[in-house]
Amino acid sequence: MDGNSAGRAYIGSFTSAGGYGVTAAAVDRDTGALTVLGSTDAVPDPSFLAVGRAPATGAQVLYAVSETSEGAVAAFATDGDGAPRPAGPARPADGSGPTHLALAGEHLLTANYGSGSVTVLAVGGDGSPGPVLDVFRHEGGGPDPERQEAPHAHQVLPDPSGAWVLSVDLGTDSVRVCAIDPATGALRLHTETALRPGTGPRHLAFHPSGRHLYVLNELEPTVTVCRWDAAAGALDPVGETPVLPEDAGTEDARSYPSEVVVARDGRFLWTANRGHDSISVLTLDESGEKPALAAAVGCGGHWPRDLTLDPSGQWLYVANERSGDVSWFAVDAGTGVPAHAGSIEAPAASCVVFG
């Protein structure tokens with residue numbers, strides 16, 4: 001592996017289930033192969049990661065949630081050759097069980113599954129997380145008494161325009177659109193869009209055009225297609241498509257989709273499906289409104305919790321939580337169908353990001 005073909009990936013995992021914490025790996029861009037460089041368990045259960053830049057220096061910073069009942073956020077420096085180094089102490093998230101985080105301008109946001117809320121934290125000049133600036137609490141529930149007894153914010157991210165923050169709530173079957181005050185970090189609810197009751201929306205991804213987005217549902221293996229009007233901050237559901245074949249499972253062997261990814265050119269959409277242990281391939285028409293299930297292939301392990309496309313768009317990486325590995329797949333440029341190319345051991349793996 002030469003210096004010109006090497007990149008860097010970071011793997012999050014559940015330390016409470018035997019995971020190593022945050023692992024750094026070298027990436028061979030020619031083959032997709034990962035080579036582990038080192039790990040740190042400085043933060044418990046760093047289940048989701050995000051990469052950003054320090055506002056003052058431009059240095060790369062790796063952020064992690066600590067998906068514990070108390071909930072916290074941590075930052076890591078990535079300029080070494082081995083494991084990421086903690087960059088200061090972890091900060092409380094003022095929310096329980098944070099499952100996702102994202103940067104919005106110079107603010108860091110977490111989606112807190114346990115408490116059904118979104119937290120906004122300041123970001124220091126060195127990139128380290130600062131104090132909590134706002135906590136936006138979701139309200140409501142859904143028809144599933146075990147999973148939807150209360151709000152469960154599962155993902156939060158800015159839209160491509162940077163004008164809005166969207167939070168996906170599995171418990172309330174809805175997506176909230178908020179405006180964020182760039183000075184104070186305060187979130188103001190703009191609109192809440194209801195999806196079909198009982199679907200349990202988990203994550204969403206935008207089409208590269210910015211005019212559509214796709215909400216992946218966890219409690220039913222479907223994706224909801226929505227038009228997105230960035231000028232108005234308006235979300236308009238226009239259809240729902242299965243992400244698994246009709247014979248994929250029964251009530252006794254349910255599938256729980258976990259992540260949705262859209263190709264850089266907008267031609268394909270992929271989902272990771274726990275239970276069915278597969279990656280689904282959906283083709284997208286030119287409008288982006290009519291995904292069609294084309295194939296479902298094995299995920300290379302068991303219980304794929306996360307699915308990530310590398311920066312080149314040529315490789316898909318799957319964090320297989322229960323089999324304890326990260327597998328990578330070569331994407332066929334013509335069909336979008338991924339072919340398994342390799343894997344590394346990664347106990348209780350939950351997330352893969354690229355730096």
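This is a short walk through a predicted model, with a suggestion at each stop for what to select next.

**Stop 1: the whole chain**

Start with everything shown as a cartoon. You'll see 29 strands and zero helices in the protein chain. The radius of gyration is 19 Å, close to the 20 Å that the globule rule gives for 355 residues, so the chain is as compact as a globular protein of that length. Turn the C-alpha trace along its principal axes and the spans come out at about 45 × 45 × 40 Å.

Now switch on a surface. The accessible area of the protein chain is about 13500 Å², and carbon and sulfur atoms own 50% of that. As for what lies underneath, 57% of the 355 residues are buried. If you like contact maps, take the contacts with a separation of 6 or more: residues 24 or more positions apart account for 47% of them.

**Stop 2: colour by charge**

Paint the charged side chains next. The protein chain carries 20 positive and 43 negative charges, and the mean positions of the two sets are 3 Å apart. Side chains of opposite charge can pair when their charged atoms come close. In this structure there are 13 salt bridges, and the next stops pick out a few.

**Stop 3: Arg196 and its two partners**

Select Arg196 and Glu220 and show sticks. They form a salt bridge, with the closest N and O atoms 2.5 Å apart. Arg196 sits in the loop between strand E16 (187-194) and strand E17 (201-206), while Glu220 is in the loop between strand E18 (212-217) and strand E19 (222-229), so this pair ties together parts that are 24 residues apart in sequence.

Keep Arg196 selected and add Glu240. Here is another salt bridge, at 2.6 Å from N to O. This one links distant parts of the chain: Glu240 belongs to strand E20 (residues 234-242), and 44 residues separate it from Arg196 in the loop between E16 and E17.

Buried, exposed or in between: where do these side chains fall? Arg196 is partly exposed at 37% relative accessibility. Glu220 is partly exposed too, at 27%, and Glu240 is partly exposed at 32%.

**Stop 4: Arg267 and Asp265**

Jump to Arg267 and Asp265, which make a salt bridge with closest N and O atoms 3.6 Å apart. Arg267 is partly exposed, with a relative accessible area of 37%, and Asp265 is partly exposed at 48%. While you're on salt bridges, select Arg147, Arg202, Glu218 and Arg274 together: bridges with shared partners join these residues into one network.

**Stop 5: Glu321 and its neighbours**

Centre on Glu321, in the loop between strand E26 (315-320) and strand E27 (325-331). Glu321 has a relative accessible area of 18%, under the 20% cut-off, so it counts as buried. Which residues does Glu321 touch, not counting those up to four places away in sequence? Light up Phe14, His302, Trp303, Arg305, Ala348 and Ala349 to see them.

**Stop 6: two aspartates with positive phi**

Finish with the backbone. Select Asp45, in the loop between strand E3 (34-40) and strand E4 (49-53). Its phi is near 50°, a positive value in a residue other than glycine. Asp45 is buried, at 9% relative accessibility.

Then go to Asp277, in the loop between strand E22 (268-274) and strand E23 (278-283). Phi of Asp277 is near 50°, again positive in a non-glycine residue, and Asp277 is buried with a relative accessible area of 17%.

How values were computed
Residues numbered from 1 in each chain as written. Predicted model: local features only at pLDDT ≥ 70, side-chain atom pairs only at ≥ 80, totals over all residues. Heavy atoms only, no water. Salt bridge = Lys/Arg side-chain N within 4 Å of Asp/Glu carboxyl O. Helix = DSSP H or I, 4+ residues; strand = E, 2+ residues; numbered from the N terminus. Buried < 20%, exposed > 50% of the residue type's maximum accessible area, 1.4 Å probe, protein only. Contact = heavy atoms within 4.5 Å. Rg over C-alpha atoms; globule rule 2.2 N^0.38 Å. Areas by Shrake-Rupley, 256 points an atom, 1.4 Å probe, with all protein chains shown as cover. Lys, Arg positive; Asp, Glu negative; His and termini not counted. Charge placed at Lys NZ, Arg CZ, Asp CG, Glu CD.
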